[in-house]
Amino acid sequence: MPVEIEGGDGVPAFGEIRQLTGQNGMVWDYAVRPDGEMVVFSELTEEMGTNLWQVPTGGSEPSILMACSPAACSGPSWSTDVAFLGFGQRYGSEQSGGITNPPRPWMMHVESGETAALLVDDQELGFDLRWSSDGQWVAYV
């Protein structure tokens, strides 16, 4: 049962618990946009991949942000100016018997939906992309 705590101007108050999605899939991970108005999450699909979804925190229905499956997109991370979303992407391969390959960091321009690999060399790998507090740098493992 949600805890009701009043907030001003229709903005959820700190401590309010509210379910944002009623999807049948499994939410893998998520990132709240720095202004608190949107959440991006990755949801597991029947193909065992994940797609990126977005949902406003004000209560609208989720919408697909990026269809990745059968690949897996996860670990979303917002830029401080909310213009970009970093994430990791993994692909399965027939040679590996369906086992997912290591992740590569990707970047999405949120307004246009354009995406690009962060690293030019496809042999370089990385995951868990995060932005610096000033939005000038990204770090990844």
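**Aromatic, disulfide and polar contacts in the predicted model**

Both F41 and W53 are buried. The structure is a predicted model. A search of the whole structure returns one aromatic pair. In that pair, the ring centres of F41 and W53 lie 6.5 Å apart and the planes meet at 10 degrees, so the arrangement is stacked. Planes under 30 degrees apart count as stacked. Distant parts of the chain are linked by the pair. F41 belongs to strand β2, W53 to strand β3 (residues 50-56), and twelve residues separate the two.

Strand β2 (residues 38-44) also holds S42. S42 is buried, at a relative accessible area of 0%. Its side chain forms a polar contact with the side chain of D29, at 2.3 Å. Leaving aside neighbours within four places in sequence, S42 is in contact with M26, V27, W28, D29, T50, N51, L52, C73 and S74. D29 thus appears both as a contact of S42 and as its polar partner.

C73, one of the residues in contact with S42, takes part in a disulfide. The whole structure was searched for such links, and one was found. The disulfide joins C68 to C73, with an S to S distance of 2.1 Å. The angle about the S-S bond is -100 degrees, and the link of C68 and C73 is left-handed. Both cysteines are buried, because their relative accessible areas fall under 20%: the value is 7% for C68 and 0% for C73.

A charge placed over a ring involves R33 and W78. The charged end of R33 sits over the ring of W78, 5.8 Å from the ring centre.

W137 presents another setting. This residue is found in the loop between β9 (130-131) and β10 (138-139). W137 is exposed, with a relative accessible area of 61%; the cut-off for exposed is over 50%. By contrast, W53 of the stacked pair is buried. Leaving aside neighbours within four places in sequence, W137 is in contact with R130, W131 and S132. R130 and W131 make up β9 (130-131). The C-alpha atoms of W137 and S79 are separated by 9.4 Å, and the two residues are 58 residues apart along the chain.

Notes
Residues numbered from 1 in each chain as written. Predicted model: local features only at pLDDT ≥ 70, side-chain atom pairs only at ≥ 80, totals over all residues. Heavy atoms only, no water. Helix = DSSP H or I, 4+ residues; strand = E, 2+ residues; numbered from the N terminus. Buried < 20%, exposed > 50% of the residue type's maximum accessible area, 1.4 Å probe, protein only. Contact = heavy atoms within 4.5 Å. Disulfide = S-S within 2.5 Å. Polar contact = N/O pair within 3.5 Å; in protein donor to acceptor, adjacent residues only side chain to side chain. Phe/Tyr/Trp six-rings, centres within 6.5 Å; stacked < 30°, edge-to-face > 60°. Lys NZ or Arg CZ within 6 Å of the ring centre and 35° of its normal.
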